[in-house]
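Keep your viewer open and the selection box ready. Each stop gives you something to pick, then tells you what is there.

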Amino acid sequence: MSCLFHPGRVRAVLAVTVAALCLFSQAHAQKPVDRQLSSQVPPHCTGLAGQVEFACQSWVEVANAIREGTTTIIIPVGGTEQSGPYMAVGKHDVRAQVLADIIAAQIGHTLVAPVIAYVPEGSTTPRTSHMRFPGTISIPPAVFEGLLRGAAESFRVQGFRHIVLLGDHGGYQTFMGKVVQDLNRSWKGQAAALWLHDYYTVIPHQYADTLCAQGHGSEVGLHAELSDTSLMLAVDPSMVRQDALRKAPKPGTSEGVYGGDPRHATAELGQIGTDLQIRAAVAAIQSFNRSHP
């Protein structure tokens with residue numbers, strides 16, 4: 001008997017065929033579930049996001065908006081980094097996007113670009129700064145600056161006249177300032193760029209001073225502490241592991257919390273800081289737009 005038709009070989013082929021048919025049937029049986037995905041995932045481009053986010057517009061809608069006077073676009077810059085054991089690593093990304101949307105709506109005739117989540121966060125060899133912890137993504141400063149320039153130039157050639165860089169993290173602020181200087185030098189009146197430094201500086205200054213005046217001085221530090229955690233709670237509490245945080249001993253540097261104490265953070269305290277950021281940003285952009293008609 002030829003080995004090609006050996007009974008054992010036939011049984012094996014049949015088994016593989018049956019298994020493949022089962023997988024095929026399961027895949028097709030799951031299709032009705034897949035069709036329900038839109039009912040399981042909340043739509044993003046509704047409400048404020050649908051009105052101001054660049055990514056929620058069609059190209060025709062972007063062109064019409066520019067033609068009708070939308071000359072300002074905010075580029076929110078976040079960063080993916082460790083923020084202690086009790087806060088999600090997308091903290092800066094979420095805050096930058098949400099607050100930029102609110103700022104844009106208050107200014108009017110303004111769109112918000114997709115958030116930039118890849119920023120300098122330390123060296124990878126050797127691992128330094130936040131890169132010492134899992135959960136962090138870092139790119140070289142030169143790559144970051146090139147990314148900002150490319151994004152800004154993309155918006156300029158489309159017709160945006162006012163390009164605003166809004167950064168939620170302190171580690172790259174000087175790079176943003178350098179890029180804005182270079183852009184304004186090269187554009188020479190065709191458009192103008194703004195480094196929205198006031199948005200960031202209110203946190204370590206006015207906001208920290210306010211928290212200290214309310215008796216939280218010992219809890220305010222540099223990173224993932226009371227102010228940082230409160231800001232996140234005010235914007236999106238799902239990003240904070242609140243139950244675990246309330247039961248935890250005071251976290252320290254080895255856990256990614258640099259100074260202070262996050263355990264008494266609240267959304268109410270965070271709202272103080274976000275209000276300061278929004279007011280400072282709106283005032284700065286409005287003044288910038290008036291001086292660059």
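Select Phe-144. This residue is buried, with a relative accessible area of 0%. The model is a predicted one. Now add Phe-175. At 21% relative accessibility, Phe-175 is partly exposed, because buried means under 20%.

Show both rings. Their centres lie 6.5 Å apart and their planes meet at 70°, so Phe-144 and Phe-175 form an edge-to-face pair. Zoom out along the chain. Phe-144 belongs to helix H7 (residues 141–158), and Phe-175 to helix H8 (residues 173–187). The two are 31 residues apart, so the pair counts as a link between distant parts of the chain. The structure has 5 aromatic pairs.

**Next: another ring pair**

Select Phe-155 and Phe-160. Their rings are also edge-to-face, at 5.9 Å centre to centre and 90° between the planes. Buried or exposed? Phe-155 is buried at 6% relative accessibility. Phe-160 is buried too, at 1%. Now add Phe-54. Ring pairs tie Phe-54, Phe-155 and Phe-160 into a cluster.

**Next: the sheet**

Switch to cartoon view. Find the open sheet of 4 strands, ordered E2-E1-E3-E4, with parallel pairing. Which strands stand at the edges? They are E2 (110–112) and E4. Each has a single partner strand, so one side of each lacks a neighbour in the sheet. Neighbouring strands here are turned by 20° against each other on average, direction ignored.

Select strand E3, residues 162–167. 6 of its 6 residues are buried, so E3 is largely enclosed by the rest of the structure. Turn on side chains. In a regular strand, side chains alternate between the two faces of the sheet. His-162, Val-164 and Leu-166 point one way from E3. Ile-163, Leu-165 and Gly-167 point the other way. Both sets are buried.

Look at E3's partners. Strand E1 (residues 72–77) runs parallel to E3, and 6 bridges join them. One place to check is Val-77, whose bridge partner in E3 is Gly-167. Then move to strand E4 (residues 192–195), joined to E3 by 4 bridges, again parallel. Here His-162 has Ala-192 as its bridge partner, and Ile-163 has Ala-193.

Now bring in the helices that pack on the sheet. Helix H6 (residues 91–107) touches E1, E2 and E3, and its direction makes about 165° with that of E1. H8 touches E1, E3 and E4, at about 165° to the direction of E4. H8 is also the helix that carries Phe-175 from the opening stop.

**Last: a helix crossing**

Select helix H11 (residues 226–235) and helix H13 (residues 267–291). Two packed helices are described by the angle between their axes and the distance between the axes. What is the angle at which H11 and H13 pack? It is about 85°, with the axes 7 Å apart. H11 is therefore roughly perpendicular to H13.

Show the contact residues as sticks:

- From H11: Leu-226, Ser-230, Leu-231, Leu-233, Ala-234 and Val-235.
- From H13: Ala-267, Leu-269, Gly-270, Gln-271, Gly-273, Thr-274 and Gln-277.

Colour them by type. The contact of H11 with H13 has 7 nonpolar residues, 6 polar and no charged.

How values were computed:
Residues are numbered from 1 along each chain as its sequence is written. This is a predicted model: local features need pLDDT of at least 70, side-chain atom pairs count only at pLDDT 80 or more; totals for chains, interfaces and linings use all residues. Side-chain values use heavy atoms; hydrogens and water are left out. Rings of Phe, Tyr and Trp (its six-membered ring) pair if their centres lie within 6.5 Å; planes under 30 degrees apart count as stacked, over 60 as edge-to-face and the rest as tilted. Buried means under 20% relative accessible area, exposed over 50%, partly exposed in between (1.4 Å probe, protein chains only). Axes are lines fitted to C-alpha atoms, for helices over the stretch in contact, and angles run from 0 to 180 degrees between N-to-C directions. Angles under 35 degrees count as roughly parallel, over 145 as roughly antiparallel, 65 to 115 as roughly perpendicular and the rest as oblique. Contact means heavy atoms within 4.5 Å. Ala, Val, Leu, Ile, Met, Phe, Trp, Tyr, Cys and Pro count as nonpolar, Asp, Glu, Lys and Arg as charged, and the others, Gly among them, as polar. Two strands pair if DSSP finds at least two bridges between them.
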